[in-house]
Amino acid sequence: MRSTKTVVLAGASGFIGRYVRSRFEQDGWAVRTIGRKGAGSSSASWNDDDALTRVLNGADLVVNLAGRSVSCRYSARNRTSILESRVRTTEALGRAIARCQEPPSTWLNASTGTIYRDARDRPQSENDGEPGTGFSVDVARAWETALDAAATPETRKIPLRISIVLGPGGGALRPFANLARLGLGGHMGDGNQKFSWIHVEDLYRCMRFLHARTDITGPVNVASPDVVSNHELMRLVRRAYGKRFGVPTPAWLLRAGAVLIRTETELVLKSRWVLPQKLLSAGFIYRQPELGGALQQVAKGRV
């Protein structure tokens, strides 16, 4: 009997992918990767259907993290790239898994907690969350639709509705940290918008947990239960980076200076209140459940 488990990571070159690959290897898993043609060490590239099938065949778990970064301005060209990089890779995995003689038992496909509306009145769980509107929501729904359409009856498919991921070397915290360093680390907009997040180590542990828990199906919210307001977020960011004071940034100034934070203002102004109900009900234990401690760790560059 084969003792070493095998995971296939699609999109392993980014911050999350590199971390997850390292952790799987540390825990004794064999890791195969799928990436862009010419990406170097990938076991297969997206433009080779036969190679995709060979890489996926016999694997225990496939984790798809592929997709162009959303940390950019949403120009027409970037919008097309963001959408197609998610939908087409998901469709390619579906075709390849359908051809496997020994398909993976679990397929975890990245999605996003941004699928939910701007929520300030109540948390959004997998059961009662309400979809929002706009480009990011359209991308999330198309992403999950592509996964649902894949004909893989022997493979359990789970969309991971991932919140903002924090960790050493990660980019999601950079806009907040940059503003704090510039003395602009006060609240953003009215400061009442909610901030949902997950530490990258808990994201990895969630993947392992969901693979083992074969009773869990459907979308899973991947977030810490410690949701805070933007007021509290920026206080903790200032503390982590040694800044006692921070000037608040009104919404109009953020929109006018979006180039400064190098992303869309949705990242800081949309209220994300994501409740990880399935994980909590299943007894998942967080290693980094509290935002203040997680930010201190990230600021010091520790895992």
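Trainee: Where is Ser163 found?

Mentor: Keep in mind that this is a predicted model, in which local features need pLDDT of at least 70, side-chain atom pairs count only at pLDDT 80 or more, and totals for chains, interfaces and linings use all residues. Residues are numbered from 1 along each chain as its sequence is written, and side-chain values use heavy atoms, with hydrogens and water left out. Helices (H or I, at least four residues) and strands (E, at least two) are DSSP runs, numbered from the N terminus. With those terms, Ser163 is found in the loop between strand 6 and strand 7 (164-166).

Trainee: Is Ser163 buried or exposed?

Mentor: Buried means under 20% relative accessible area, exposed means over 50%, and partly exposed is in between (1.4 Å probe, protein chains only). Ser163 has a relative accessible area of 8%, so by that cut-off Ser163 is buried.

Trainee: And is Ser281 buried or exposed?

Mentor: Ser281 lies in helix 11 (residues 277-281). Its relative accessible area is 59%, so Ser281 counts as exposed.

Trainee: Leaving aside its neighbours within four places in sequence, which residues is Ser163 in contact with?

Mentor: Contact means heavy atoms within 4.5 Å. On that basis, the partners of Ser163 are Ser196, Trp197, Ile198, Val222, Ala223 and Val274.

Trainee: How many residues of strand 6 (residues 156-162) are buried?

Mentor: Strand 6 is largely enclosed by the rest of the structure. That follows because its buried residues number six of the seven.

Trainee: Over how many bridges do strand 5 (residues 106-112) and strand 6 pair?

Mentor: Two strands pair if DSSP finds at least two bridges between them. Strand 5 and strand 6 pair in the parallel sense, and Ala110 stands opposite Leu160 in strand 6. The number of bridges between strand 5 and strand 6 is seven.

Trainee: Is the crossover from strand 5 to strand 6 right-handed or left-handed?

Mentor: A crossover is right-handed if, with the strands pointing away from the viewer, the path from the first strand over the helix to the second runs clockwise. Here the chain goes from strand 5 through helix 4 (residues 135-149) to strand 6. This β-α-β crossover is right-handed.

Trainee: At about what angle does helix 4 run to strand 5?

Mentor: Axes are lines fitted to C-alpha atoms, for helices over the stretch in contact, and angles run from 0 to 180 degrees between N-to-C directions. Helix 4 lies across strand 5 and strand 6, and its buried residues pack against partners including helix 3 (76-98) and helix 10 (266-269). Its angle to strand 5 is about 165°.

Trainee: What is the order of the strands in the open sheet of seven strands?

Mentor: Let's build it up from some of its pairs. Five bridges join strand 1 (6-10) to strand 2 (residues 30-35), and four join strand 1 to strand 4. Strand 6 pairs with strand 10 (residues 220-222) over three bridges. The pairing is parallel, and the order is 3-2-1-4-5-6-10.

Trainee: Which are the edge strands?

Mentor: An edge strand here pairs on one side only. Strand 3 (44-45) is joined to strand 2 by two bridges, and in strand 10 the bridge partner of Ile162 is Val222. The edge strands are strand 3 and strand 10.

Trainee: How far apart are the end C-alpha atoms of helix 6 (residues 200-212)?

Mentor: The expected span of a helix is 1.5 Å times one less than its number of residues. For the 13 residues of helix 6 that gives 18 Å. The model agrees, with its end C-alpha atoms apart by 19 Å.

Trainee: Which element gives the most to the largest nonpolar core?

Mentor: A nonpolar core is a set of buried Ala, Val, Leu, Ile, Met, Phe, Trp, Tyr and Cys residues joined through side-chain atoms within 4.5 Å. The largest has 34 residues, and those with the most contacts inside it are Phe24, Met207 and Leu210. One element is mostly covered, with ten of its 13 residues buried, and supplies seven residues to this core. That element is helix 6.
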